[in-house]
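Please take a moment to look over the sequence and the model before reading on. The paragraphs below lead through them step by step, from the whole chain down to single side chains.

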Amino acid sequence: MEFLCYHRDRPGSLPLRDELLEEHWSYMDRYAKEMIARGPTLAADGDTPTGSVHILDLPDPAAARAFAFDEPNYQAGVYRDVLLRRWRNMLGRTMWDFPGGRTGGSRYLVLGLGTEQATDLTVPSDQGELIAYGPLSSDDGANWLGTAALVRAPDPDTARAVLVPDHYDDIEVHNWQFGGRPN
């Protein structure tokens, strides 16, 4: 089962986040084989972290909750909240398989949240800039709750356009970058 976990930073928690960086990476190293995508969301300055995205293949919802809530930054109070949803990997690859590579261009996390009519259940025809893409659902997979994408785009409006605009309660667009330990 695949899951998207988005930890959102608590305001003022950057010093604590910096202090825990090695603990965070060590924790994530334990999930290297399960990782589909990872990386921080960033403020408009393109440098200040605002959250942390992890998409993983885990055995079940209990394992996903353990991953999300045992994470060192969560335990220490860096994060203000957590979005944890089942996710389906419509591209069938990891971020490391993205043909566009780790650098070049702006990257975004696009979250379309809703509970009405399921939409965007097929991959957009122009998928060349998609790093990851798939629907969000309830733990049992029975209820559609939105769509999440990681996309390379020239600007936030272009990134947002990967989803059908009027079919969601809300669409969030966050600056995002490939994560992991520096080489």
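What follows begins with the overall fold and then turns to one helix, to rings, to charged pairs and to two single residues.

The model is a predicted one, and its secondary structure comes to five helices and eight strands. If you follow the chain along the sequence, these elements appear in the pattern β-α-α-β-β-α-α-β-β-β-β-α-β. The radius of gyration is 15 Å, close to the 16 Å that the globule rule gives for 183 residues, so the protein is as compact as a globular protein of that length. Taken along the principal axes, the box that the C-alpha atoms fill is roughly 40 × 35 × 30 Å.

How much of the chain is buried, and how do parts of the sequence meet? Of the 183 residues, 47% are buried, where buried means a relative accessible area under 20%. Among the contacts with a separation of 6 or more, 75% are between residues 24 or more positions apart. The accessible surface comes to about 8,800 Å², and carbon and sulfur atoms account for 48% of that surface.

Helix α2 shows how burial can be arranged within one element. In this helix, His24, Trp25, Tyr27 and Met28 are buried. When α2 is seen down its axis, the buried residues fall within an arc of 160°, so they line one face of the helix. These buried residues pack against β2 (35-42), β3 (49-57), α3 (61-70), α4 and β4.

Tyr27 of this helix also leads to the aromatic rings, since ring pairs link Tyr27, Tyr31 and Phe67 into a cluster. The structure as a whole holds six aromatic pairs. One of them is formed by Tyr31 and Phe67, which meet edge-to-face with 4.8 Å from centre to centre and 80° between the planes. Tyr31 lies in the loop between α2 and β2 while Phe67 lies in helix α3, so this pair ties together parts that are 36 residues apart in sequence. Both Tyr31 and Phe67 are buried. Phe69 and Tyr74 form another edge-to-face pair, with 4.9 Å from centre to centre and 70° between the planes. Here the rings belong to residues that are partly exposed, Phe69 having 29% relative accessibility and Tyr74 having 31%.

We now turn to charged side chains. Side chains of opposite charge can pair when their charged atoms come close. A search of the whole structure finds eight salt bridges. In one of these, the side chains of Arg8 and Glu172 meet with 3.0 Å from N to O. This pair links distant parts of the chain, for Arg8 is in strand β1 (residues 2-9) and Glu172 is in strand β8 (residues 170-176), 164 residues apart. Are these two partners buried or exposed? Arg8, at 13% relative accessibility, counts as buried, and Glu172 is buried with a relative accessible area of 15%. The bridge also belongs to a network of salt bridges that links Arg8, Arg80, Asp81 and Glu172.

Another salt bridge joins Arg17 to Asp9, with 2.8 Å between the closest N and O atoms, and both of these residues are buried. Arg181 forms a salt bridge with Glu22, where the closest N and O atoms are 2.9 Å apart. Because Arg181 lies in the segment after β8 and Glu22 in helix α2 (residues 21-29), this pair ties together parts that are 159 residues apart in sequence. Both partners count as partly exposed, Arg181 at 33% relative accessibility and Glu22 at 43%.

Two single residues complete the tour. Asn73 lies in helix α4 (residues 72-76) and is buried, with a relative accessible area of 1%. Leaving aside neighbours within four places in sequence, Asn73 is in contact with Arg17, Leu20, His24, Val78 and Tyr79. Arg17 is a partner in the salt bridge with Asp9, and His24 is among the buried residues of α2.

Met90, by contrast, is found in the loop between β4 (79-87) and β5 (106-113). Met90 is partly exposed, with a relative accessible area of 25%. Not counting residues up to four places away in sequence, Met90 touches Leu121, Thr122, Val123, Tyr133, Gly134 and Pro135. Between Met90 and Tyr133 there are 5.7 Å in space, C-alpha to C-alpha, although these residues are 43 residues apart in sequence.

Key: Residues are numbered from 1 along each chain as its sequence is written. Side-chain values use heavy atoms; hydrogens and water are left out. Helices (H or I, at least four residues) and strands (E, at least two) are DSSP runs, numbered from the N terminus. Buried means under 20% relative accessible area, exposed over 50%, partly exposed in between (1.4 Å probe, protein chains only). Contact means heavy atoms within 4.5 Å. A salt bridge is a side-chain nitrogen of Lys or Arg within 4 Å of a carboxyl oxygen of Asp or Glu. The arc is that of the directions from the helix axis to the C-beta atoms. The radius of gyration is taken over C-alpha atoms; the globule rule is 2.2 Å times the number of residues to the power 0.38. Accessible areas come from the Shrake-Rupley method with a 1.4 Å probe; for residues, only the protein chains shown count as cover. Rings of Phe, Tyr and Trp (its six-membered ring) pair if their centres lie within 6.5 Å; planes under 30 degrees apart count as stacked, over 60 as edge-to-face and the rest as tilted.
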